[in-house]
Amino acid sequence: MKAARHQTFGAPEDVMEAAEAPMPAPATGEVRIKMTLSPIHNHDLWTARGQYGYKPELPAIGGTEAVGLVDEIGEGVDPTLKGQRVSVAGVHGSWAEFFIAPASGLVPLPNQISDEAASQLIAMPFSAISLLDFIDVKAGDWVVQTAANGAVGKIFAQLAQAKGIHVLNLVRRSEAAEELVANGLPHVLSTDDVDWIAKAKRMVGDAGARAAIDSVGGDLAEDLTALLGWEGLLVTFGTATGAPLKLSSGTLITKHITIKGFWGAKVTEMMDPEKRRSLIVELVSLAVQGKLTLDTEAIFPLSEIQNALKAALVPGRKGKVLLRP
């Protein structure tokens, strides 16, 4: 079968190549899925670099999420799953014509959800909805998030808005802020504006924000704590700059601020199965209602994996880059 795989770790656009790979066979409790579309996520890129929390054995096929048709089932799997269109995430090797997934992780799909949306329905949206649950905020609270123009940022803002939670959306470029505003997102500021902190404080009010979510790192962390209120929560979700967090001891002490890390994969692994199911049902319902927008930038065949990866690395994309067989 066709696949996109790497035999060494390094820059994804350099080490990943289109190649032939053996057809996988499902074991007990597993299914084989014929891939329709599979997205390129940031964690896929970090995995190819060998710098993610999970490090695959080489050679390794990339990809962790997809939409496709159940092609074959393993022992102990419900035979009615065969032929169903499903979404699945948290797998390994979805950048291939066929890949293996646990039957327990499949999400059957209603016809109202397109393949493009279904291919990216779980990983980023589930991270966003889990993150919203993790920070434990309620209607009327303020949350500040950085990287608001990223996939999780856009989805988080939609989910929070649906629950009556106010989100201050921060980006690092004025062009990105203009794009979000043009797409109807409220409360958007660019941190390249010299007065952005003063504007942010006016938005969130004297009580400050209940929580702040940082995906940038570096000096910005100190600014975020300045926007938090009493016993505010700072959550580190990512690090676009790679720089250590800069924090003021005085602010942490006088506001009783808590700092937590959030790794979506681990949160999902430790989550109660019933709670996970209810959150996924909520995501599917929102997608069917048109309240969850999942944009696509471009679609490439597996044979053009290098071009696809280069497209995925372009800043300011309007949506995900997807792969097809």
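Begin by selecting helices H4 and H11: H4 passes H11 in a right-handed crossing. The coordinates belong to a predicted model. Helix H4 covers residues 123-135 and helix H11 covers residues 273-288. Their axes lie 10 Å apart, and the two helices pack at an angle of about 120 degrees.

Next, display the side chains at this crossing. From H4, the contact involves Pro125, Phe126, Ile129, Ser130 and Asp133. From H11, the residues to show are Lys275, Arg276, Leu279, Ile280, Glu282 and Leu283. Coloured by class, the contact residues of H4 and H11 comprise six nonpolar, one polar and four charged.

Now move to the sheet. Select strands S2, S1 and S4, which form an open sheet in that order with antiparallel pairing. Which strands stand at the edges? They are S2 (16-20) and S4; each has a single partner strand, so one side of each is left without a neighbour in the sheet. In general, the strands of a sheet pair through backbone hydrogen bonds, in either a parallel or an antiparallel arrangement.

Within this sheet, centre the view on strand S1, residues 2-6. Its antiparallel pairing with S2 extends over five bridges. To locate the register, pick His6, which stands opposite Met16 in S2. Then add helix H12, residues 305-312, to the selection. Helix H12 lies across S1 and S2, and runs at about 150 degrees to S2.

From the sheet, proceed to the loop between H2 and S4, where Pro59 is placed. Select Leu58 together with Pro59: a cis peptide bond joins the two residues, with omega at about -5 degrees.

The following stop is the second largest pocket. Select Ala60, Ile61, Gly62, His92 and Gly93, which lie nearest the pocket centre among its 24 lining residues. Which elements give two or more residues to the lining? They are helix H2 (42-49), strand S4 (60-61) and strand S7 (98-102). The second largest pocket holds about 340 Å³ of space. Its lining consists of 15 nonpolar, seven polar and two charged residues.

Finish at strand S13, residues 228-236, and select Glu231 within that strand. What is notable in the backbone of Glu231 is its phi, near 55 degrees, a positive value in a residue other than glycine.

Terms used:
Residues are numbered from 1 along each chain as its sequence is written. This is a predicted model: local features need pLDDT of at least 70, side-chain atom pairs count only at pLDDT 80 or more; totals for chains, interfaces and linings use all residues. Side-chain values use heavy atoms; hydrogens and water are left out. On a 1 Å grid over the protein atoms alone, a cavity is a set of points where a 1.4 Å probe fits but cannot get out, and a pocket is an open set with protein on both sides within 12 Å along at least five of seven lines; lining residues have an atom within 4 Å of a point. Grid points are joined across faces, edges and corners, and a volume is the space filled by probe spheres set on the points. Helices (H or I, at least four residues) and strands (E, at least two) are DSSP runs, numbered from the N terminus. Ala, Val, Leu, Ile, Met, Phe, Trp, Tyr, Cys and Pro count as nonpolar, Asp, Glu, Lys and Arg as charged, and the others, Gly among them, as polar. Two strands pair if DSSP finds at least two bridges between them. Contact means heavy atoms within 4.5 Å. Axes are lines fitted to C-alpha atoms, for helices over the stretch in contact, and angles run from 0 to 180 degrees between N-to-C directions. A crossing is left-handed if the near helix is turned anticlockwise from the far one by less than a right angle, and right-handed if clockwise.
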